[in-house]
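Here is a short tour of a structure, written for someone who likes to look at the atoms while reading. Have the viewer open and follow along.

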Amino acid sequence: MMNNTATLLKGIQCFTLLSMVAITGCSTRTNSPSLSTGNVGYGDSKEVETLTNEFGLTDLHILAESMTGSLLTSPLMASNSKPTFTIQEVKNKTSEYIDTKAITNKIRVKLQKSNAVRFMSDAEDEVGALSEIQRQGQSPRYKKTPKNQKLGKAEGASYRLFGEITSIVKRAGDIMNVDYTLTLQVEDLATSEIVWTDEKEIRKTSERSMF
Amino acid sequence: MKSKVFCMMLMIGLTACSHPVQTTEHAVNGSIESKLLLRGDLSYIKVTDLRAKKTNDFLVVEAEVYNTRNYEDLLYYRFKWFDAKGFQITGDEGWKTVPLGGAQSQNFIGVATSVNVTDFKLELQSPNNTGN
């Protein structure tokens with residue numbers, strides 16, 4: 001009888017110990033530096049994305065890389081050492097909503113990182129810059145030295161980079177075709193001559209699912 | 001002196017390889033195969049030529065690919081750019097696609113957006129690869 005009780009107690013102790021180990025084991029996190037439910041993940045933003053036929057990040061990459069490469073290898077760049085540009089937001093002439101600021105920014109970043117051009121403030125930046133200079137000029141916090149006399153020292157741009165994106169949409173039965181064209185131009189602000197222009201086309205075709 | 005070293009490197013590169021990358025003015029050398037980063041085996045699409053030159057100090061590469069089958073195929077590609085010390089610069093490009101008709105050749109161009117780029121690799125993948 002005593003033996004049975006001792007065996008039972010040992011069994012309960014073992015079970016409790018194992019349970020604790022199991023519980024502790026379950027609550028221990030792995031070495032992975034992530035906390036996730038498994039429903040959300042990070043992907044490669046550089047991969048070709050064709051979830052829908054609407055304008056996407058892949059199109060943005062294609063257009064920006066093509067246009068930047070074309071401008072950097074153009075005769076305009078051969079005849080100028082680090083020319084100064086101002087960039088205007090690409091106009092959206094398509095029938096869908098496209099945040100063209102993203103196209104403009106992508107092109108500006110790629111050109112600026114090439115270290116072959118210099119960008120001056122665009123109209124939008126100008127408002128922010130003037131507001132900041134005014135704030136500093138009116139605040140008693142800042143020293144009034146000749147170095148702080150900021151107005152009248154900005155350099156103007158020699159060239160204006162601007163353009164537009166257009167699209168042609170065609171449907172035939174379940175098939176839909178969208179052709180995007182991005183056209184960019186560079187104007188010499190002194191002479192108003194268009195000194196560079198290029199375009200890039202992208203065709204996207206989709207078929208409506210039966211289900 | 002610089003141009004002599006440059007020419008020597010070019011000569012060594014062109015002599016050593018059976019299918020050299022055609023270059024004009026810079027130190028890119030090696031066979032076409034040595035410039036490819038393949039994801040899987042490109043069974044049906046062949047890179048038939050790679051040409052490189054410098055324009056306004058920027059490295060420009062033109063690739064020529066050929067679809068060996070009589071069916072439409074698709075090729076994904078992107079260039080990786082390296083400086084003289086072998087470091088990848090300008091970041092990863094986005095992948096791009098080249099649709100290829102049956103038995104069709106297509107050319108595409110990559111432009112390095114930094115004057116410090118001296119070498120490149122061409123990364124390729126096709127949905128119809130073997131070993132995907």
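Which residue in β4(A) stands opposite A:T86? In this predicted model, the partner of A:T86 is A:R160 of β4(A).

**Around strand β1**

That pair belongs to the link between β1(A) and β4(A), where the strands run parallel and are joined by three bridges. Strand β1(A) also pairs with β3(A), again in the parallel sense, over two bridges. Here A:F85 faces A:F119 of β3(A). As for the side chains of β1(A), A:T84 and A:T86 point one way, while A:F85 and A:I87 point the other way, and all are buried.

| Partner of β1(A) | Partner residues | Sense | Bridges |
|---|---|---|---|
| β3(A) | 118-119 | parallel | two bridges |
| β4(A) | 159-172 | parallel | three bridges |

**Where chain A meets chain B**

Let us turn to the interface. Chain A brings 18 residues to the contact and chain B brings 14 residues. Together the chains bury about 1,300 Å², with carbon and sulfur atoms giving 62% of that area. On the side of chain A, the residues losing the most area to chain B are A:K46, A:E65 and A:T73, which together account for 38% of what that side buries.

A:E65 has another role to look at: its side chain meets that of B:K96 in a salt bridge, at 2.3 Å from N to O. The rule finds one salt bridge across this interface, along with six residue pairs in polar contact. Among the elements of chain A, α2(A) gives the most to the side touching chain B, with seven residues. By type, the residues on that side are six nonpolar, seven polar and five charged.

Conventions: Residues numbered from 1 in each chain as written. Chains lettered and ligands numbered in written order. Predicted model: local features only at pLDDT ≥ 70, side-chain atom pairs only at ≥ 80, totals over all residues. Heavy atoms only, no water. Buried < 20%, exposed > 50% of the residue type's maximum accessible area, 1.4 Å probe, protein only. Helix = DSSP H or I, 4+ residues; strand = E, 2+ residues; numbered from the N terminus. Pairing = 2+ DSSP bridges. Contact = heavy atoms within 4.5 Å. Buried area = accessible area lost by both parts, 1.4 Å probe. Salt bridge = Lys/Arg side-chain N within 4 Å of Asp/Glu carboxyl O. Polar contact = N/O pair within 3.5 Å; in protein donor to acceptor, adjacent residues only side chain to side chain. Nonpolar A, V, L, I, M, F, W, Y, C, P; charged D, E, K, R; others polar.
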